[in-house]
Amino acid sequence: PLTVLALGLAVMIGDGACSYVSICFGKNRQEDADCAVGSAVTLSVLVGVLVAGFYAVFQTPILLLFGATEANLAYAKEYFTCIPIYVFGQAINPIIRSDGSPRFAMASMLAGAIANCILDPIAIFALRWGVMGAAVATVAGQVITAAMGVWYLCHTKALRLGKDDFKLRGKILAAYLPLGLCSFLAQISLVIAMIGTTMAATNNMLVQYGAGSKYGADIPLTVLGIVMKVFQIIISITIGMSAGCIPIVGYNYGAEQYGRCRGILWRLMGAEFAL
């Protein structure tokens, strides 16, 4: 849930900026598009720092709220360090798509994921770092994704970023953040479900009653985590298809091609139904 919360903040910034930039391109408003991207970069860095600070201060209470036990609290704290770095790379990715480079956006995500998979066994087993090794591998993957995002911002296609574009402007923020609110709510709804009705309640019940079973408390808790990961695969595909439509819809909306927007909507709904 904590990772999803960080992702929700990232996609609110990234998807909002992506939508607004695409609309601006459709209306030939280059300057507004550049300002939106620059402020989104700055805002994602600030949000990442704030999330890191909040998680650092309230680390133990938050982990206990989500059902951490005496046996796994130390491991949870070790892995906890990877969450805040998540924000920047995830926020930049939609912006890359809005600039007309969906393949690079996908490549940057895959590069981080592949690096994570390769480094996991090395850090966990070869270096014997355990859960901390898993966190190090995750952070390394996120750093690669973020670094590729920074490189792309220096080699954009349609965007022309200058130093002044990275200032936070209330008018620009008010224009694109509401566009990302839907993406934020989609992610937060998962967190609310996990906290309010599923994860926190289930975690704590598994800790309390699982301790009395032959498996102990930690095995049932691990099983739930595995199942939620499988569930996340389906959710990720769903979100991925809709995210891919954002720049296309935004551009056509800005160009007042509303028929195309409706056509994309129906095709997306059909694809989601088939999934």
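These legends go with close-up views of a predicted model.

**View 1. A nonpolar patch on the surface, built from ten named residues.**
Here we zoom in on Met106, Leu110, Ile114, Ile118, Leu119, Ile122, Leu127, Trp129, Met132 and Val136, which together show about 880 Å² of accessible area. Two helices, α6 (102–126) and α7 (130–153), each give at least two residues to the patch. Helix α6 has the largest share, with six residues. Val136 sits in helix α7, and its relative accessible area of 36% makes Val136 partly exposed.

**View 2. Arg128, in the loop between α6 and α7.**
This view stays with the two helices that feed the nonpolar patch, α6 and α7, and looks at the loop that lies between them, where Arg128 is found. The backbone is the thing to check here: phi of Arg128 is near 60°, a positive value in a residue that isn't glycine. Most residues other than glycine have a negative phi. Arg128 is also exposed, with a relative accessible area of 75%.

**View 3. Asn28, in the loop between α1 and α2.**
Asn28 is another non-glycine residue with a positive phi, near 60°. Asn28 is placed in the loop that runs between α1 and α2 (30–57). Is Asn28 buried or exposed? With a relative accessibility of 71%, Asn28 counts as exposed, because the cut-off for that class is over 50%.

**View 4. The salt bridge between Asp32 and Arg29.**
The structure holds three salt bridges, and this view takes in one of them. The side chains of Asp32 and Arg29 come together at 3.1 Å, N to O. Asp32 is partly exposed, at 23% relative accessible area. Arg29 is partly exposed too, at 32%.

**View 5. The salt bridge between Arg97 and Asp15.**
Side chains of opposite charge can pair when their charged atoms come close. In this view the pair is Arg97 and Asp15, with an N to O distance of 3.9 Å. Which parts of the chain does this pair link? Arg97 belongs to helix α5 (residues 86–98) and Asp15 to helix α1, so the bridge ties together distant parts of the chain, 82 residues apart. Both Arg97 and Asp15 are buried, which means that each has under 20% relative accessible area.

**View 6. Asp164 and Lys167, with Lys163 alongside in the numbering.**
Asp164 makes a salt bridge with Lys167, and the closest N and O atoms are 3.7 Å apart. Asp164 is partly exposed, with a relative accessible area of 47%. Lys167 also counts as partly exposed, at 47% relative accessibility. Lys163 is in the loop between α7 and α8 and is exposed, with a relative accessible area of 79%. What is the C-alpha to C-alpha distance between Lys163 and Gly38? In space they are 8.3 Å apart, while in sequence they are 125 residues apart.

**View 7. The second largest pocket, with a volume of about 610 Å³.**
The lining counts 23 residues, and those closest to the centre of the pocket are Ser19, Leu179, Cys182, Ser242 and Ile246. Which helices each give at least two residues to this lining? They are α1 (2–26), α8 (170–197), α10 (218–254) and α11 (258–274). Of the lining, the largest share comes from α10, with eight residues.

**View 8. Cysteines without a disulfide partner: Cys182 and Cys245.**
The structure holds zero disulfides. Cys182 is in no disulfide, and its nearest cysteine sulfur, that of Cys245, is 13 Å away. For Cys245, also in no disulfide, the nearest cysteine sulfur is that of Cys261, at 11 Å. Why are neither of these distances disulfides? A disulfide needs two cysteine sulfur atoms within 2.5 Å, so the 13 Å from Cys182 and the 11 Å from Cys245 do not qualify. As for surroundings, Cys182 is exposed, with a relative accessible area of 61%, whereas Cys245 counts as buried at 16% relative accessibility. Cys182 also turns up in the previous view, among the residues closest to the centre of the second largest pocket.

Key: Residues are numbered from 1 along each chain as its sequence is written. This is a predicted model: local features need pLDDT of at least 70, side-chain atom pairs count only at pLDDT 80 or more; totals for chains, interfaces and linings use all residues. Side-chain values use heavy atoms; hydrogens and water are left out. Patches are made of residues with over 30% relative accessible area and no salt bridge: like charges are joined within 9 Å, nonpolar side chains (Val, Leu, Ile, Met, Phe, Trp, Tyr) within 5 Å. Accessible areas come from the Shrake-Rupley method with a 1.4 Å probe; for residues, only the protein chains shown count as cover. A salt bridge is a side-chain nitrogen of Lys or Arg within 4 Å of a carboxyl oxygen of Asp or Glu. Helices (H or I, at least four residues) and strands (E, at least two) are DSSP runs, numbered from the N terminus. Buried means under 20% relative accessible area, exposed over 50%, partly exposed in between (1.4 Å probe, protein chains only). On a 1 Å grid over the protein atoms alone, a cavity is a set of points where a 1.4 Å probe fits but cannot get out, and a pocket is an open set with protein on both sides within 12 Å along at least five of seven lines; lining residues have an atom within 4 Å of a point. Grid points are joined across faces, edges and corners, and a volume is the space filled by probe spheres set on the points.
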